[in-house]
Amino acid sequence: TTGYDAAAAQEKWSKYWEEHRTFAALDDGSKERRYVLDMFAYPSGDLHMGHAEAFAIGDVLARYWRLRGFDVLHPVGWDSFGLPAENAAIKHGTHPAEWTYHNIDTQAASFKRYAVSFDWSMRLHTSDEEYYRWTQWLFNRFFEKGLTYRKDSWANWCPNDQTVLANEQVKDGCCERCGAVVTKRQLNQWYFRITDYAQRLLDDMDQIEGTWPERVLSMQRNWIGRSEGAYVDFTIDGRAEPVKVFTTRPDTLYGATFMVVAPDSALAQEVVSDEARPAFEAYLDEVKKKSEIERQSTDHEKTGVPLGVEATNPVNGAKIPVWAGDYVLADYGTGAVMAVPAHDQRDLDFARAYGIDVIPVIDTGEADPRESGIATTGDGAYQNSGFLDGITTKAEAIAKMCEVLKEKGVGEPTVTYRLRDWLLSRQRFWGCPIPIIHCESCGDVPVPDDQLPVTLPDLRGADLAPKGTSPLAGDEAKEWRSVSCPSCGGPAQRDTDTMDTFVDSSWYFLRYCSPHYDEGPFDVEAVRRWMPVAQYIGGVEHATMHLLYSRFFTKVLHDLGMVDFTEPFQRLMNQGQVINEGRAMSKSLGNGVDLGKQIDEFGVDAVRTTVIFAGPPDEDIDWADVSPASTLKFLQRAWRVASEVTSDPDVDVTAGDVSLRRVTHRSIADITDLIEGGRYNVVVARIMELVNATRKAIDSGCGPADPAVREAVTFTAQALSLVAPYLAEEMWEILGLEASVANSQWPTPDETLLVAEEVTMVVQVTGKVRAKIQVSPDITEDEAREVALADANVQRFTKGKEIVKVITRLPKMISIVAK
Ligand code: ANZ
Ligand code: ZN
């Protein structure tokens, strides 16, 4: 042979692995278990460079843990419901299922070619009836626990596409797809009560602190947005119930000069006076065109209209005007705020725009906000504040105010969260049907468990284009929809919405432990054996969606007694992105890199090794800066070294050349540490060094027959099997070892070969030998001087004298001249 034939090796070993089920989880208790999980793929087209990176990283660990003797679960599946399939179907006149399963086939073939060491028997697709039956079953459990409910709410609405949009699909107030100005529409939708778990989602972060990227934890913390403050009751003329406001600064209550309520709240509708109503309604129409993000941004111009009523401050009886203003959100806190312009910038902007009073109640030493236009937020002496006057710290003033509010029965301390309940209904076809039947006499009746799944009707050939209601509410699905009520048997209608696909992905990691189990969503015992996931790998873009939802689901399942842990993912790694020429790959820039073509040109091993070698796993890789061609050259070098080994497999390696053995064992020790520390790129660099050292030993050292060469190449093959699995198998075979390298055992370094070599350093004092000291061969001048002068015998001859000169010939000799 003239060299390593990548294509032939790929062909040969992928077949071998499949036949021998090399990567199947044993699950027989013979070994300690480890669960390695990559975020599953969405089947849009073939695998791309992003997949190549994420799955290469996960595979390094899965393969390493197998070599370390663990029983590894490394499953594969697809997040296969969702909008792109539906859009493709609309565009090409096919069925979403056809497009989806065709792409899954394509990706499955690519995953196999890319040599990801999956256990293919653990495969799942969320759009399979076998899977979504249990998504619906879980929905029923949430429903029973009161964690699923329906309510009217304002949703983003694209008047052109006739559909609701998620917040993420609204860009600068316009529809991401068609550019139309997005408005709000009130719809009746299903929600998960994730807000009930807000505090636990925060508290349980203790368990993953240090093992999840801090960035993700802080994104989740901000998203949940815990805020400590108080409710304060303001009375409004002609309204029996007081209006509660939420404030983080009850200490500033004496400075409240107006109240603002969210224009799109029920409260605004209720309290607005007849005279003020026309202007208010006009304002409301304007507000509905703005996105929440826009409304909250600090540089957004504050607008509002008076509602024509007054509220009474519960501590000083002051009457203040009530306004509607869009910087107040309907679904945060109570949807109403007491405005304290002197100490809150948004309130100050508003007050200045509409000529409302500003009353400073804390002398913070900063410029007067009435003149500067800048609200003051520091500590200082309270003034104009009744019983707070004289207090000098916020903490004390807040505590005092809360005490008084409580005493008077007009307020109390409270905690609010920014997190909202999870809107799960989608007016779409290609998703998991919501298993609810609407009956006129019984209300919302869950489909009984034994009648699940509620399967999607075929609707082949039906028009799936968005119309504002789900295709399941259209004429073609009439028959599917009309059912009898499970409770009273009367005529009833199925719910026509499908679930957000994030519901599907919130529990797939549990299903993987027993993907074909048919007595429940998962075999509780199997989950007990494998979970929590030891290492999860996926993109940071999922920080506040999938990763938060999965944590929520896990806690609910814990409360249902189905799992005995509360955090699903012990460790999380966010891989970087693969970019090109400094920018994200995109069609419009034309800088896309095609994974298939890279593989055709350089082979799987070179592409995988390049991806890993390019940099730390959590940093972006610029494909313009890497060279799969030179990686391929390195792999060829490794192969040639293996092909030159002439000793037998059973040769005694301990008799081998010591200096090469030292290099090998140092590599074993270092590479082990580097993998454990997640520094996979450096692992590749160390393998390169080992190959170079072996080359040198063959050419100008101990020669190819020396057992140390076999030892070096054997470890090279094992280490390479993490990144270049095909080549590693070839090398293993060339070495005459029994297939597969994936079943071999990771070596432990021989400690005696790790201790640094020592040489004897002679110490002369004024021409005479006074000591011989064992030192490292690369001792420095300063170190040599230090150890020499610390020697007892040397000190006898230098005591009381001045060191006038030191001459060294390291590491052999140091000569001290003392007078
Ligand atoms: C009076 C006050 C005085 C406030 C002051 C702040 C400073 P965080 O920290 O984000 O929780 N607020 C309450 N509900 C609101 C809503 N629905 N939309 C917009 N703003 C709202 O913010 C809490 C503060 O934001 C609350 O405290 C309230 O203004 C405002 F010197 O009350 B504050
Ligand atoms: Zn009924």
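Author: Let's start with what counts as what: helices (H or I, at least four residues) and strands (E, at least two) are DSSP runs, numbered from the N terminus. The model you're looking at is predicted: local features need pLDDT of at least 70, side-chain atom pairs count only at pLDDT 80 or more, and totals for chains, interfaces and linings use all residues. Residues are numbered from 1 along each chain as its sequence is written, chains are lettered from A and ligands numbered from 1 in the order in which they are written, and side-chain values use heavy atoms, leaving out hydrogens and water.

Reader: Okay, so how many helices and strands does the protein have?
Author: First, for scale, the C-alpha trace spans about 105 × 85 × 50 Å along its principal axes. Going by those DSSP runs, the protein has 28 helices and 34 strands.

Reader: And what share of the 819 residues counts as buried?
Author: Buried means under 20% relative accessible area, exposed over 50%, and partly exposed is in between (1.4 Å probe, protein chains only). The areas come from the Shrake-Rupley method. For the 819 residues of the protein, the buried share is 54%.

Reader: How many salt bridges are there?
Author: The rule is a distance one: a side-chain nitrogen of Lys or Arg has to be within 4 Å of a carboxyl oxygen of Asp or Glu. Some of them link up, as in the network of Asp 204, Arg 551, Lys 555 and Glu 567. Counted by this rule, the total is 40.

Reader: Which residue does Glu 11 form a salt bridge with?
Author: Glu 11 counts as exposed because its relative accessibility is 53%. Its partner sits four residues away, about one turn of the helix, and both lie in α1 (residues 6-20). With the closest N and O atoms 3.9 Å apart, that partner is Lys 15.

Reader: How many residues apart in sequence are the parts that Glu 730 and Lys 12 tie together?
Author: Glu 730 is buried at 14% relative accessible area, whereas Lys 12 is partly exposed at 35%. The two form a salt bridge whose closest N and O atoms are 3.1 Å apart. Since Glu 730 is in helix α25 (residues 725-734) and Lys 12 in helix α1, the distance along the sequence is 718 residues.

Reader: Is Arg 686 buried or exposed?
Author: Arg 686 shares a salt bridge with Asp 670, at 2.6 Å from N to O. This pair links distant parts of the chain, with Asp 670 in helix α22 (residues 658-676) and Arg 686 in helix α23 (residues 680-700), 16 residues apart. Asp 670 counts as buried at 18%. With a relative accessible area of 17%, Arg 686 counts as buried.

Reader: What charge does the surface patch with Glu 786 have?
Author: A patch is made of residues with over 30% relative accessible area and no salt bridge; like charges are joined within 9 Å, and nonpolar side chains (Val, Leu, Ile, Met, Phe, Trp, Tyr) within 5 Å. Lys and Arg count as positive and Asp and Glu as negative, while His and the chain ends aren't counted. Glu 786 lies in helix α27 (residues 781-790) and is exposed at 60%. Together with Asp 778, Glu 781, Asp 782 and Glu 783, Glu 786 makes a patch whose charge is negative.

Reader: How do strands β33 and β34 run?
Author: Two strands pair if DSSP finds at least two bridges between them. β33 (residues 803-809) and β34 (residues 813-818) are joined by six, and they form a hairpin with three residues between them. One bridge partner pair is Arg 809 and Met 813. The two strands run antiparallel.

Reader: Near what omega is the peptide bond from Leu 810 to Pro 811?
Author: Pro 811 sits in the loop between β33 and β34. The peptide bond from Leu 810 to Pro 811 is cis, with omega near 0°.

Reader: About what omega does the bond between Ala 739 and Ser 740 have?
Author: Ser 740 lies in the loop between α25 and α26 (751-754). The peptide bond joining Ala 739 and Ser 740 is cis, and its omega is about 5°.

Reader: What is the phi of Asp 27?
Author: Asp 27 is in the loop between α1 and β1 (33-38), and counts as partly exposed because its relative accessible area is 26%. Although Asp 27 is not a glycine, its phi is positive, at about 55°.

Conventions:
Areas by Shrake-Rupley, 256 points an atom, 1.4 Å probe, with all protein chains shown as cover. Charge placed at Lys NZ, Arg CZ, Asp CG, Glu CD.
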